[in-house]
Amino acid sequence: MNYIGNPGQRRNSVGVNVGSVQIGGGAPVVVQSMTNTDTADIDGTVRQVAALARAGSELVRITVDRDEAAAAVPHIREKLDRMGVSVPLVGDFHYIGHKLLADHPACAEALAKYRINPGNVGFKEKKDKQFSSIIEMAMKYDRPVRIGVNWGSLDQELLTHLMDENALSAIPITAREVTREAVIQSGLLSAARAEELGLARDKILISAKVSAVQDLVAIYASLAARCDYTLHLGLTEAGMGSKGIVASAAALAILLQQGIGDTIRVSLTPEPNGDRSLEVKVAQEILQTMGLRTFVPLVAACPGCGRTTSTVFQELAGDIQSWIYASMPEWKTKYPGVEALNVAVMGCIVNGPGESKHADIGISLPGTGETPTAPVFVDGKKVATLRGPTLAADFKKMVDDYIIRRYGTKQAAE
C-alpha cells in the first residue's frame with residue numbers, strides 16, 4: 001500500500017460519523033484539538049472550546065476525570081449551543097470512565113464520542129468488565145468510540161506476554177519492536193472486543209500514539225495494513241515550540257503522503273498562558289501545505305538574503321499574513337472558496353517577479369537600499385507599481401478588490 005506522490009489517494013477506511021462530522025470513508029482529513037482547562041470550570045472550558053472551534057478545530061476533546069467534570073459536560077454543551085458553537089465534544093476517559101458514564105447520563109448524552117485508553121480502562125479481572133461497560137454505554141447512546149492507545153500508558157500485561165513470547169523465539173526481535181507490536185495489538189484486540197460486544201465497525205476509531213517520529217510511522221504503517229478501521233493520527237508529547245511543530249509535521253506528513261490517517265491532532269506543549277489554538281493552526285498548515293485541504297489563503301514570502309537587508313518585505317509579509325488571518329472569519333461567509341487564494345510577498349528582483357506571477361496576486365520589492373517601488377502581478381500579469389509610505393495599504397486594497405471580484409461573484413451567482 002504505497003501512495004507516495006499522490007496524497008489525494010486515501011487509504012480506504014470504514015468511516016465514522018461524530019456528530020455532524022464525517023471521519024474517514026473518503027472524507028477529508030479532520031482536524032481536532034483538546035482543551036487544557038479543568039472541565040469542572042464550565043465558563044473557562046466553554047471559552048477555550050469556542051476559541052479552538054473558531055480557529056478551525058472540527059472536534060474538541062475534553063477531560064472527563066471525576067464527578068465534577070462529568071456533571072459540567074452537559075452545561076458546557078448547552079452554553080456552546082447558545083453561542084452557536086456546534087463543534088462536537090469528545091470525552092477523554094481514563095481509569096473510571098465506566099463509572100462516570102453510568103452515574104452521569106446527561107454527560108454521556110452530551111458527548112459526541114468517547115475515548116477509551118485500553119492501558120488503563122481497568123486492570124486484571126476488572127479490565128473486561130469496565131471496558132464492556134463503556135462499550136455498552138456507547139451503544140445505548142449511539143456514540144462512536146476511539147480506542148486510544150498510548151505507549152506511555154501501555155497495557156503492561158500484553159507487553160509482558162509479548163516480551164516473554166519474543167524471548168522464546170528462535171529469531172527474537174528488539175524490545176522496541178516488541179513494544180511497537182504491543183501498541184498495535186492493544187488497539188486491534190480492543191477494537192475486536194468492542195465488535196464482539198456489539199459495537200458496529202463504523203463506530204470504532206483507533207489511535208496508536210507514541211512520541212518518536214520513526215516509531216509512529218512504523219506503527220501506523222503496520223496498523224493501516226492490518227485493518228480498515230478509521231485512524232486518528234498524532235505524535236503524543238511532541239514538545240514545545242519549533243521542536244513540537246517540526247516533529248509533528250515530519251511524522252504526520254510521511255503517513256498522510258501514504259494515504260494513512262483520517263483525522264489528526266498536533267499535541268503541542270503550550271507556553272505558560274499561551275494560545276492553545278496554535279495546535280489547530282499547525283494541523284491546518286500541515287494539511288494545506290501538502291495539498292490535502294485548504295483553510296486560509298497562503299502567503300509565499302522569500303527567506304531574505306544579502307540582497308534584502310531592508311526589512312520592508314518582512315514587515316509587509318507579516319502585515320499581510322496577520323491581516324488575512326484576521327479577515328478570514330468574515331471572508332469565509334462572504335466569499336466562498338477564498339481559502340484557496342495564493343498571495344506572494346517577495347523581497348528582491350531575482351525570484352520575486354517570477355514567484356509573484358505564479359501566485360494569484362503578488363508583489364515584488366526591489367531589494368536592498370532602494371526606494372520601495374514594487375510591481376504587482378495579478379493572475380500572472382503586471383497590473384500596477386506601488387511605491388511610497390502607503391504601499392502596504394495599497395496592496396491590501398488590491399488583494400481585497402481581487403477577492404471581491406473573484407470570489408464575490410460565486411455568492412452572487414448562488
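Reader: Let's start with one side chain. Is Phe-93 buried or exposed?

Author: Buried goes with a relative accessible area under 20%. Phe-93 comes out at 2%, so this residue counts as buried. Keep in mind that the model is predicted.

Reader: And what about Tyr-114, buried or exposed?

Author: Tyr-114 is buried too, with a relative accessibility of 0%.

Reader: Okay, those are aromatic residues. How many aromatic pairs does a search of the whole structure find?

Author: To count as a pair, two rings need centres within 6.5 Å, and planes over 60 degrees apart make the pair edge-to-face. The search of the whole structure turns up 2 such aromatic pairs. One of them joins Phe-93 and Tyr-114: their ring centres are 6.0 Å apart and the planes meet at 90°, which makes the pair edge-to-face. Phe-93 belongs to strand S5 (residues 89-93) and Tyr-114 to strand S6 (residues 113-116), so this contact ties together parts that are 21 residues apart in sequence. Another pair is Trp-323 with Trp-331, again edge-to-face, at 5.2 Å centre to centre and 90° between the planes.

Reader: Are Trp-323 and Trp-331 buried or exposed?

Author: Trp-323 and Trp-331 are both buried.

Reader: Rings can have charged neighbours as well. Which residue lies over the face of Tyr-229?

Author: To read this, look from the charged group towards the ring centre, which has to be within 6 Å. Arg-201 sits over the face of Tyr-229, 4.2 Å from the ring centre. A lysine does the like elsewhere: Lys-281 is placed over the face of Tyr-325, at 4.5 Å from the ring centre.

Reader: Now for empty space. How many cavities of 30 Å³ or more does a search of the whole structure find?

Author: Rolling a probe the size of a water molecule over the atoms shows where empty space is left. If the probe fits but cannot get out, the space is a cavity; an open space is a pocket. Here the whole structure gives 1 cavity of 30 Å³ or more. The largest cavity holds about 40 Å³ of space.

Reader: Which residues line the largest cavity?

Author: Phe-93 turns up again, along with His-94, Tyr-95, Ile-96, Gly-97, Arg-115, Ile-116, Asn-117, Asn-120, Val-121 and Ile-134. Sorted by class, that lining has 6 nonpolar, 4 polar and 1 charged residues.

Reader: On to the pockets. What volume does the largest pocket have?

Author: The largest pocket comes to about 530 Å³. It has 20 lining residues, and the closest to the centre are Arg-54, Ala-55, Gly-56, Gln-284 and Lys-332. Helices H1 (42-55), H10 (278-289) and H11 (312-334) are the elements that each give two or more residues to this lining. H11 gives the most, with 5 residues. By class, the lining splits into 9 nonpolar, 5 polar and 6 charged residues.

Reader: Which domains does the lining of the largest pocket draw at least three residues from?

Author: Domain 1 (16-290) and domain 2 (298-407) each provide at least three residues of that lining. The centres of these two domains, taken over C-alpha atoms, are 39 Å apart.

Reader: What volume does the second largest pocket have?

Author: The second largest pocket has about 300 Å³. Of its 19 lining residues, Arg-61, Asn-150, Thr-236, Glu-237 and Arg-265 are the closest to the centre. Strands S7 (145-150), S8 (204-209) and S12 (268-269) are the elements that give two or more residues to the lining. S7 has the largest share, 4 residues. In this lining, 3 residues are nonpolar, 10 polar and 6 charged.

Reader: One loop residue, then. Where is the place of Glu-339?

Author: Glu-339 is found in the loop between H11 and strand S14 (342-346). Its relative accessibility is 21%, so Glu-339 counts as partly exposed. Sequence separation and distance in space are separate readings: Glu-339 and Arg-293 are 46 residues apart along the chain, and 9.6 Å apart from C-alpha to C-alpha.

Reader: Last, zoom out for me. How many helices and strands does the chain have?

Author: The chain has 13 helices and 17 strands. Its C-alpha trace spans about 75 × 55 × 40 Å along the principal axes. Of its 414 residues, 51% count as buried, with Phe-93 one of the buried residues.

Conventions
Residues are numbered from 1 along each chain as its sequence is written. This is a predicted model: local features need pLDDT of at least 70, side-chain atom pairs count only at pLDDT 80 or more; totals for chains, interfaces and linings use all residues. Side-chain values use heavy atoms; hydrogens and water are left out. On a 1 Å grid over the protein atoms alone, a cavity is a set of points where a 1.4 Å probe fits but cannot get out, and a pocket is an open set with protein on both sides within 12 Å along at least five of seven lines; lining residues have an atom within 4 Å of a point. Grid points are joined across faces, edges and corners, and a volume is the space filled by probe spheres set on the points. Ala, Val, Leu, Ile, Met, Phe, Trp, Tyr, Cys and Pro count as nonpolar, Asp, Glu, Lys and Arg as charged, and the others, Gly among them, as polar. Domain bounds come from an automatic or database domain assignment. Rings of Phe, Tyr and Trp (its six-membered ring) pair if their centres lie within 6.5 Å; planes under 30 degrees apart count as stacked, over 60 as edge-to-face and the rest as tilted. Buried means under 20% relative accessible area, exposed over 50%, partly exposed in between (1.4 Å probe, protein chains only). A charge sits over a ring if NZ of Lys or CZ of Arg is within 6 Å of the ring centre and within 35 degrees of the ring normal.
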